[in-house]
Each structure stands twice: as C-alpha cells, then as structure tokens.
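Hi everyone, thanks for making room for me today. Let me put the model up on the screen, and then we can walk through it together.

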Amino acid sequence: MTQVEVLVIGAGQAGLSAGYHLRRLGLVAGTDFLVVDHAAGPGGAWQFRWPSLTLTTVNGVSDLPGMAFSETLAPHSEEVQASVAVPNYYRRYEERFDLRVRRPTTVTVVCDRGDHDGALTAETDRGEIAAKGLINATGTWEHPFIPHYRGAETFLGRQLHTKDYGSAAEFTGKHVIVVGGGISAVQLLDEVSLVTTTTWVTRSEPVFRDEPFTPDIGRKAVAMVEDRVRRGLPPGSVVSVTGLPVTDRIRAAQQRGVLNRLPMFETITPDGVRWADGTEMQADVILWCTGFRSALDHLAPLRLRGPGGGITMAGRLATQVATDPRVHLLGYGPSASTIGANRAGRAATQELLHTLRA
C-alpha cells in the first residue's frame, strides 16, 4: 500500500494547480503527495475534445500557475487543435514542476475504514493508497448528463452527447436537433448547420452577451454558484449570469437563421420529437449538448451528499467539504471555471495542510 499525506485525484487543470501549490508548500511529489490520473497521457479532458475545436474556437485556455500557455505555442498556432495544444502544455508543465503523475490509474472508490490512523483509503486498479487528506479534481467530462424524456428509447435515429461528438461531416444529409443552451451547444450547432439542416431547442430563452466579458460578470457568476454550494445545493449553470458570447461566427449563424431557438419538446417519437401542442418534427439525430455533472461516484462511501443531492461546501473559496474537512473538491461549484480552478488550488492546499497539521 502506498501512503502519502495528500492524494490528488485528477491531473487536469485543477489537479495540476493543486500539485504545483503543494510543492510550493514544501511537499515532495511522489513521496509526500501523489497525483493520479485515469488517462494514459497528460491533458485532462482536453485530450478528448472534438477535432474541430481549435485555439480559435475554444472559449479560452487559462494559464496554470507558474507557467504561461503561450510559452508552449508556436507562432501562428491559432488553428491548432485544442486536443493537441493543451495536452502538450500540460505535459511540459508536469515535467517542469516534477509532478510525477501516476497514470493510468483509475480510482474506483474512496472510503474511511478507520484502520490507517484517520487516513482515507483509495482503492485503485494499481493497488490501495492511504492518504490523510484528499483533493478531488476529477472534473465532469466522465459524467455526461442527458435528461430523460418520454419516448427516448423508441427513437429510431441516433442520439449522442457532446462527449461523443467527432465532426459535423458525419451528419451530412441528416436533420439534427441540437438540445442545450450553453456555449458548446451553440458552437456545435454552428458547425453542424454548415453541412445539413438543424433545429435548436432549449429549456429557457438564450441570452446573448454582445459586450466583452468583464471581471464583474465573472464575479457575479462565481458568487451565484458559491452561494448555492455553501447552502448544500447542487451547483447551477452560470450561463444565466454570463450569457452566451457573440463572436463573428455566432453573428454569421444568426444571419443564416440557425439560432432561431424553439422551446423544449415534450416527447421523443420513433421518427423525431413532439411538442406539448401536438406539433411534430422529424429528425435523424438528437445531439444532446446538455452538459455534465461532477464525477464524484467514487466518493459515495464518504456520504458527502445531502438529501437534495448537493454537497455543503466550506472554506475560503468553498472547496472544503463541510462534513469532512479532510476532503477538498476542486472543479465543483465556483472552482469549476478555468480561472477559478487556479485560485482554488492554492486555497485548498493551504487549508488542507492546516487542517491535517493542526
């Protein structure tokens, strides 16, 4: 069994940020703390993103602490795939700061057996790890969310989630219904609409933001999510606060009539969908751009969730689990944003070590 003071699960942005700050606090990677990741190589969820997502179309890549993304980019690299550029950045980051990520390592469960002097036990496909403290940074990519609608099992066409998207070309000649009001939904709707016919449906009316994203807008979004998780509620979507950014491509899509949104349908039929008023539409594909949920199933034995499904969070930046201060969740709640993950990494490591050494 491996024994460490702190175990970090996940080597995406939040996990690497936590590793960096643990080293700054004097801990030795691989000895005092351990970062594990289920993927075969560096890059977090970025390595699995669809090929058409380039550094031009991506909604920003934030710098990790101590090393700028731009350091790893060649001149005129805007059209490089994000699934190539970001993993390269993360790989070089891990090397520079000697984070010694153990991969591929899949954590199946974390429990508190009470047999390791107060340490938590993580069961993995490469043996057990005992850790006094846990920083969970597993993100959301492995937990796609598709809401249930009556008749979904009868649909004779294809249903897929954002996570399964490859390229628009595979939908040529098929009518595609795109479901979802987030940034990814709009990006994929734009791509698919260039090769075939589409229909866009959302639960609520989308709000587009034509003005630049300001720090004030960011603070409001973070504050809204932080308030929810401190009260033990599930994190909510921040799109209602930030709005959808209007880019040149979005303006072009609006002019083509692609962004004429319809309200959510009520039923899925074998040949398409049906609204509450009886209106039907035929479709070959339903593309669910309905987001992700936090990948926390491996923490179920710790009983962190409350009756409503949320986790009550505490700490300076709401990363600490209120019922178990040995556990910090990065990428849950306000730290789910790319900018928030860096700030949270520093706060979480400081607070966790203070708790463990008090």
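Let's begin at the hairpin: β4 runs into β5 through two residues. Helices and strands here are DSSP runs, H or I of at least four residues for a helix and E of at least two for a strand, numbered from the N terminus. Before I go further, please keep in mind that this is a predicted model, where local features need pLDDT of at least 70, side-chain atom pairs count only at pLDDT 80 or more, and totals for chains, interfaces and linings use all residues. Residues are numbered from 1 along each chain as its sequence is written, and side-chain values use heavy atoms, with hydrogens and water left out.

Back to the hairpin. Strand β4, residues 120-124, pairs with β5 in the antiparallel sense over five bridges; we say two strands pair if DSSP finds at least two bridges between them. If you want a spot to look at, leucine 120 has alanine 131 of β5 as its bridge partner.

Now, which other strands does β5 pair with? Strand β1, residues 2-9, is one of them, running parallel to β5 and joined to it by seven bridges. There, isoleucine 9 is partnered with asparagine 136 in β5. Strand β18, residues 327-329, also pairs with β5 in the parallel sense, over three bridges, and asparagine 136 turns up again, this time opposite leucine 329.

So is β5 enclosed or open to the outside? Seven of its 10 residues, in the stretch 127-136, are buried, so β5 is largely enclosed by the rest of the structure. Buried means under 20% relative accessible area, exposed means over 50%, and partly exposed is in between, using a 1.4 Å probe and protein chains only.

Next, please look at another sheet. This one is open, with five strands in the order β6-β15-β7-β8-β11 and parallel pairing. Its edge strands are β6 (158-161) and β11 (262-263), each pairing on one side only. Four bridges connect β6 with its parallel partner β15, residues 285-288, and among the paired residues are arginine 158 and valine 285.

Now for some backbone oddities. As a reminder, most residues other than glycine have a negative phi, and most peptide bonds are trans. Two places to check lie in the loop between α2 and β3. Arginine 100, which sits in that loop, has a positive phi of about 50 degrees although it is not a glycine. The side of the story you can see from outside: arginine 100 is partly exposed, at 49% relative accessibility. Proline 104 is in that loop too, between α2 (82-96) and β3 (107-111), and the peptide bond leading to it from arginine 103 is cis, with omega near -10 degrees.

Alanine 318 also has a positive phi, near 60 degrees. Its place is the loop between β16 (313-314) and β17 (320-321), and alanine 318 is buried, with a relative accessible area of 0%.

Finally, let's zoom out. The chain comes to seven helices and 18 strands. Along its principal axes, the C-alpha trace spans about 65 × 50 × 40 Å. Of the 358 residues, 50% are buried. And of the contacts with a separation of 6 or more, 69% are between residues 24 or more positions apart, where contact means heavy atoms within 4.5 Å.

That's my tour, and I'm happy to take questions.
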